[in-house]
Amino acid sequence: MVVDIKVRAYESHGPHGEVRVDYSVDGKEYTFLVERIGDSSLYSKFDAEGVTLFQSLEKAIEGPDAAAVANGLKELISLEHPAGDIETVTIDYKPVTIKRSCPTCGSMSLERSVPVPGEGSGGTPTAPRYKCSACGQECYHISDDYMVRLVKGNDSLFSEEERAQLKKDPEGFMKELKEYTSRIFAMKNIKRVI
């Protein structure tokens, strides 16, 4: 017996043209978010905790409307869940938050900061950042999966020696990269969210 499974997607539109689609696949909740950054669109995917799974900065199509973006996101969802229909419900927009406590004040009020492409990054925002609405502390959180995807997607930024080290000892390479990242953010008083 074949059961047609429906995926319910919750679509919302933000005040600056953001399009957010929340959905579940196989009991796991995800959020897709599209934001305009300069002349590009940032596509981000988050898990149920608000942890960034990936980000991709793409050249924006001239004049895309919110409906076209939402339809594109629904197509992406259907790739993950091809067996069922997608039922869309429109809801009020809420910013993405991470379900972690602020490393300074301990409150659960960390909102995702609007990404700003970094210099030398090819325009790609690299570190998901958050700001505590209670105390104003700036924070960052890079999951292991996100770091692996970031490194694999930007391997041309590493020297031959670094790529050889990554191939020889991936765990050691990632540990060193995380330590380096922590030092950079610590110098700017941007704390790591655990």
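Ser101 sits in the loop between strand 7 (97-98) and strand 8 (110-112). The model is a predicted one. With a relative accessibility of 36%, Ser101 counts as partly exposed. Beyond its neighbours within four places in sequence, Ser101 is in contact with Gly106, Ser107, Met108, Leu110 and Val193. A further link across the sequence is given by the C-alpha atoms of Ser101 and Ile194, which are 8.1 Å apart although 93 residues separate the two along the chain.

**The chain as a whole**

The protein chain has 4 helices and 11 strands. It has 194 residues, of which 36% count as buried. Taking contacts between residues at least 6 apart in sequence, 51% join residues at least 24 apart.

**Strands 3 and 4**

Thr31 belongs to strand 3 (residues 28-37), and Ser44 belongs to strand 4 (residues 40-47). Is Ser44 buried or exposed? Its relative accessibility is 0%, so Ser44 counts as buried. Thr31, at 7% relative accessibility, is also in the buried class, because buried means under 20%.

The two residues touch: Ser44 is among the contacts of Thr31, along with Arg20, Val21, Asp22, Lys45, Phe46 and Val96, when residues up to four places away in sequence are not counted. With neighbours within four places left aside, the contacts of Ser44 are Thr31, Phe32, Leu33, Glu35, Phe54, Gln55 and Arg112. The C-alpha atoms of Thr31 and Thr52 are separated by 9.4 Å, with their positions 21 residues apart along the chain.

**Aromatic rings**

How many aromatic pairs does a search of the whole structure find? The search finds 5. One of them joins Tyr23 and Tyr30, a tilted pair with 5.7 Å from centre to centre and 35° between the planes. Tyr23 and Tyr30 are both buried. Another pair is formed by Phe158 and Phe173, whose ring centres are 5.5 Å apart and whose planes stand at 75°, so the pair is edge-to-face. This pair links distant parts of the chain, 15 residues apart: Phe158 is in the loop between helix 2 (144-153) and helix 3 (160-168), and Phe173 is in helix 4 (residues 170-187). Phe158 has a relative accessibility of 17% and counts as buried. Phe173 is buried as well, with a relative accessible area of 6%.

Tyr23, Tyr30, Phe32 and Phe54 form one aromatic cluster. Two of its members, Phe32 and Phe54, appear among the contacts of Ser44. Lys45, a contact of Thr31, lies over the face of Tyr30 at 4.4 Å from the ring centre.

**Helix packing**

Helix 4 packs against helix 2 and helix 3. The geometry of the two contacts is set out below.

| Helix pair | Angle between axes | Axis separation |
|---|---|---|
| Helix 2 and helix 4 | about 100° | 11 Å |
| Helix 3 and helix 4 | roughly 125° | within 5 Å |

Why is helix 2 described as roughly perpendicular to helix 4? The angle is about 100°, and angles of 65 to 115 degrees count as roughly perpendicular, so the pair falls in that class. On the helix 2 side, the residues in contact are Asp144, Met147, Val148 and Val151; on the helix 4 side they are Phe173, Met174, Leu177, Lys178 and Thr181. By class, the contact of helix 2 with helix 4 has 6 nonpolar, 1 polar and 2 charged residues.

Helix 3 and helix 4 cross at roughly 125° and are therefore oblique to each other. Glu162, Gln165, Leu166, Lys167 and Lys168 of helix 3 meet Pro170, Phe173, Met174 and Glu176 of helix 4. The residues of this contact divide into 4 nonpolar, 1 polar and 4 charged.

Phe173 and Met174 take part in the contact with helix 2 and also in the contact with helix 3. Phe173 is also the partner of Phe158 in the edge-to-face pair described above.

**After helix 4**

Asn189 is found in the loop between helix 4 and strand 11 (191-192). Its phi is near 60°, a positive value in a residue other than glycine.

Terms used. Residues are numbered from 1 along each chain as its sequence is written. This is a predicted model: local features need pLDDT of at least 70, side-chain atom pairs count only at pLDDT 80 or more; totals for chains, interfaces and linings use all residues. Side-chain values use heavy atoms; hydrogens and water are left out. Helices (H or I, at least four residues) and strands (E, at least two) are DSSP runs, numbered from the N terminus. Buried means under 20% relative accessible area, exposed over 50%, partly exposed in between (1.4 Å probe, protein chains only). Contact means heavy atoms within 4.5 Å. Rings of Phe, Tyr and Trp (its six-membered ring) pair if their centres lie within 6.5 Å; planes under 30 degrees apart count as stacked, over 60 as edge-to-face and the rest as tilted. A charge sits over a ring if NZ of Lys or CZ of Arg is within 6 Å of the ring centre and within 35 degrees of the ring normal. Axes are lines fitted to C-alpha atoms, for helices over the stretch in contact, and angles run from 0 to 180 degrees between N-to-C directions. Angles under 35 degrees count as roughly parallel, over 145 as roughly antiparallel, 65 to 115 as roughly perpendicular and the rest as oblique. Ala, Val, Leu, Ile, Met, Phe, Trp, Tyr, Cys and Pro count as nonpolar, Asp, Glu, Lys and Arg as charged, and the others, Gly among them, as polar.
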